[in-house]
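Me: I have a model open and would like to go through it with you. Could we take it one question at a time?

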2 protein chains.
Amino acid sequence: MSNPSGFQGLVCPMPITRRDQVVMAHGSGGRMTHELIKGLFLPPWDNPVLRAGDDAGVVPTGSAARLAVSTDSHVVWPLFFPGGDIGRLAVCGTVNDVAMMGAVPKYLTAGFILEEGLAFEVLERVVESMRLAAEEAGVQIIAGDTKVVQRGKADGLYINTAGVGLLADGAAIGGAGARSGDVIILSGPIGDHGIAVLSARGELGFEAEVQSDIAPLNHLVEAMLRASDQVHVLRDPTRGGLATTLNEIAAQSQVGVVLEEDRIPVRPAVAAACEILGFDPLYVANEGKLVAVVGADHAERVLEAMRRTRYGEEAVPIGVIQEEPKACVLMKTSIGSHRIVDVLSGEMLPRIC
Amino acid sequence: MSNPSGFQGLVCPMPITRRDQVVMAHGSGGRMTHELIKGLFLPPWDNPVLRAGDDAGVVPTGSAARLAVSTDSHVVWPLFFPGGDIGRLAVCGTVNDVAMMGAVPKYLTAGFILEEGLAFEVLERVVESMRLAAEEAGVQIIAGDTKVVQRGKADGLYINTAGVGLLADGAAIGGAGARSGDVIILSGPIGDHGIAVLSARGELGFEAEVQSDIAPLNHLVEAMLRASDQVHVLRDPTRGGLATTLNEIAAQSQVGVVLEEDRIPVRPAVAAACEILGFDPLYVANEGKLVAVVGADHAERVLEAMRRTRYGEEAVPIGVIQEEPKACVLMKTSIGSHRIVDVLSGEMLPRIC
């Protein structure tokens with residue numbers, strides 16, 4: 001929607017042609033692209049930057065010394081599932097990536113690849129869902145783009161979002177910040193998103209009654225950072241699950257991660273579904289959870305701050321950071337033994353996000 | 001590649017499995033995703049921000065008061081064509097959108113949607129092409145993401161890029177800035193990109209020997225802005241062509257655009273191809289051209305500055321801005337009559353970018 005294909009330069013006296021599905025000409029950059037943007041995207045997303053209709057959205061940096069910039073493409077299938085849809089996912093996924101650097105997410109871009117024949121009603125639902133998620137997160141969608149591909153070439157639509165967050169000087173949160181003695185905190189039960197999507201695909205063979213946890217976590221992060229300056233690592237365990245995320249942190253920080261199996265929360269319905277499917281919830285995707293590595297002295301105050309927020313109510317400590325074994329995740333099991341928790345191998349749940 | 005699917009947290013002792021094509025597990029967020037990123041994307045694109053492997057790239061704002069942020073998804077088919085490929089397009093398209101605001105493009109994100117079965121050799125060529133284009137433009141790719149969809153669900157790959165540019169206080173370039181009396185400058189001949197892609201599809205029925213004009217235009221823009229503070233509008237006429245872009249400017253600025261047909265450069269091979277296909281080159285996509293609206297007193301010095309740069313050598317004035325008719329583009333033909341030049345209706349060349 002940026003560049004003459006884009007959200008800009010909406011050509012003036014333009015009757016909106018009533019159509020009920022996407023056709024190739026919606027990707028032409030000409031009249032029908034303008035109509036699509038003017039008729040479908042702008043009304044819900046309206047803001048001065050988008051309305052200006054230029055090749056790029058121009059926004060102030062404020063007093064920020066640094067930017068955190070992230071991107072995610074979203075190809076989840078099906079487009080709608082219990083607790084969410086591709087639109088909410090596209091906004092929250094990128095908001096969360098930016099927030100995990102300790103930055104305040106402010107601006108999003110949205111790039112759509114639409115399949116010829118996609119019903120406008122579906123696109124409208126997705127766009128509205130993005131509006132609601134952006135509103136909840138407090139971010140503005142300031143640039144966009146639409147392309148159209150032939151029937152069969154995308155499953156309805158794919159959405160890419162990129163996010164820009166503002167970061168004050170000083171804050172230093174990243175995967176390399178974990179230190180021996182730190183406490184690992186998880187913001188709530190794992191595996192909800194993956195099982196909810198699987199359930200929507202009808203691949204469970206039974207009704208799981210699990211809702212995806214998709215949520216914007218930036219307000220949770222803000223509460224944590226207000227409570228403590230000893231938050232060393234923040235990360236959201238999405239694809240690859242908690243196990244993969246913790247391995248990433250162990251590798252980046254060159255430390256050992258020691259988890260206590262009994263402390264890792266899994267909802268009974270998720271546990272039951274995983275049991276039947278032969279999945280380990282440690283590898284199932286989440287879209288509204290974060291894992292934090294916090295200085296031991298500050299763990300309690302961070303937990304308290306988390307529990308006072310909507311998406312951190314169920315926060316728990318799940319383990320500690322040790323010097324050794326470096327770049328490795330160990331699980332202390334309920335019977336007291338240790339096992340190595342590796343990263344996800346192969347593919348468990350394709351197109352989960 | 002940002003978020004546990006992403007470029008971050010590259011897990012440590014990791015033998016790169018030799019494979020020669022994309023499989024679904026490359027989108028898992030687990031070991032194979034890490035291998036793909038570590039083996040294929042990082043070596044050519046290596047920079048400290050990407051190497052940090054966090055959820056978002058963190059970069060300084062410098063003394064910039066504002067940001068210009070843009071995005072484009074790229075679905076061009078075929079992936080390679082005379083003069084360029086989807087990778088060069090993805091970098092230049094977004095660099096140019098940011099530059100058209102008068103901003104200095106600095107950072108890009110790259111989101112890949114890969115089709116199962118895509119040959120690594122193809123992906124490597126695209127990634128290398130992106131490296132070269134980013135180097136030429138002087139921008140860094142600081143965040144990425146890869147997703148994999150099933151065979152048939154994408155044509156090899158789609159690429160989304162988002163770009164962030166830094167913008168000093170004061171600069172005010174945008175589609176609404178054209179004023180009566182301003183001169184319209186075009187940076188070179190139109191239609192090359194569209195005809196080159198069409199030729200690569202074999203849809204011409206003959207050999208056109210036209211190269212795409214894909215190029216990063218940010219250095220050209222810098223030269224123009226150094227030469228004059230009277231550059232009011234900059235825009236790159238991509239999808240929809242020059243006609244659509246000028247209509248956008250006419251609408252945003254509420255002015256009339258008057259073009260002189262004889263002054264609009266079209267290469268003979270492009271003109272010949274358009275003649276045969278029944279296309280008007282005014283509507284054919286460009287990827288390395290810009291149109292500028294400049295205060296009349298400064299037109300000559302801007303033209304001179306343009307002609308001293310690689311991508312502005314063939315710059316020419318093509319028309320003027322008038323008060324009336326508002327939101328309208330008129331063409332003065334070679335025989336002295338006027339005709340209205342409308343925006344592109346329908347779809348002429350699907351999947352051109």
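Me: Which residue does the side chain of A:Lys153 meet in a salt bridge?

Reply: Happy to help! First, this is a predicted model, so local features need pLDDT of at least 70 and side-chain atom pairs count only at pLDDT 80 or more, while totals for chains, interfaces and linings use all residues. Residues are numbered from 1 along each chain as its sequence is written, chains are lettered from A and ligands numbered from 1 in the order in which they are written, and side-chain values use heavy atoms, with hydrogens and water left out. A salt bridge here is a side-chain nitrogen of Lys or Arg within 4 Å of a carboxyl oxygen of Asp or Glu. At 2.9 Å, N to O, the partner of A:Lys153 is B:Asp155.

Me: Why does the pair of A:Lys153 and B:Asp155 join two chains?

Reply: Helices (H or I, at least four residues) and strands (E, at least two) are DSSP runs, numbered from the N terminus. A:Lys153 lies between β6 (140-149) and β7 (157-167) of chain A, so its salt bridge to B:Asp155 joins two chains, the latter residue being in the loop between β6 and β7 of chain B.

Me: Is B:Asp155 buried or exposed?

Reply: The cut-offs are under 20% relative accessible area for buried, over 50% for exposed and partly exposed in between (1.4 Å probe, protein chains only). A:Lys153 has 22%, so this residue is partly exposed. B:Asp155 has a relative accessibility of 11%, and therefore counts as buried.

Me: Which residue does B:Lys153 meet in a salt bridge?

Reply: B:Lys153 is partly exposed at 24% relative accessibility. The salt bridge crosses between chains, from the loop between β6 and β7 of chain B to the loop between β6 and β7 of chain A. At 2.8 Å, N to O, the side chain of B:Lys153 meets A:Asp155.

Me: How many salt bridges are there between chain A and chain B?

Reply: One more that joins the two chains pairs B:Arg31, in helix α1 (residues 31-45) of chain B, with A:Asp342, in the segment after β14 (338-340) of chain A; their closest N and O atoms are 2.7 Å apart. A network of salt bridges also links A:Asp54, A:Asp55, B:Arg235 and B:Glu248. Over all chains the search finds 42, and between chain A and chain B the count is 12.

Me: What area do chain A and chain B bury between them?

Reply: Contact (heavy atoms within 4.5 Å) takes 92 residues from chain A and 92 residues from chain B. Buried area is the accessible area (1.4 Å probe) that two parts lose on being put together, summed over both. With 56% of it on carbon and sulfur atoms, the buried area is about 7,000 Å².

Me: Where in chain B is the bridge partner of A:Arg66?

Reply: Two strands pair if DSSP finds at least two bridges between them. Strand β2 (residues 66-74) of chain A and strand β1 (residues 57-60) of chain B do so over four bridges, in the antiparallel sense. In β1(B), the partner of A:Arg66 is B:Pro60.

Me: How many residues of strand β5 of chain B are buried?

Reply: β5(B) pairs antiparallel with strand β7 (residues 157-167) of chain B over 10 bridges, and runs parallel to strand β6 (residues 140-149) of chain B, joined by nine bridges. The rest of the structure largely encloses strand β5 (residues 104-115), because the number of buried residues is 10 of the 12.
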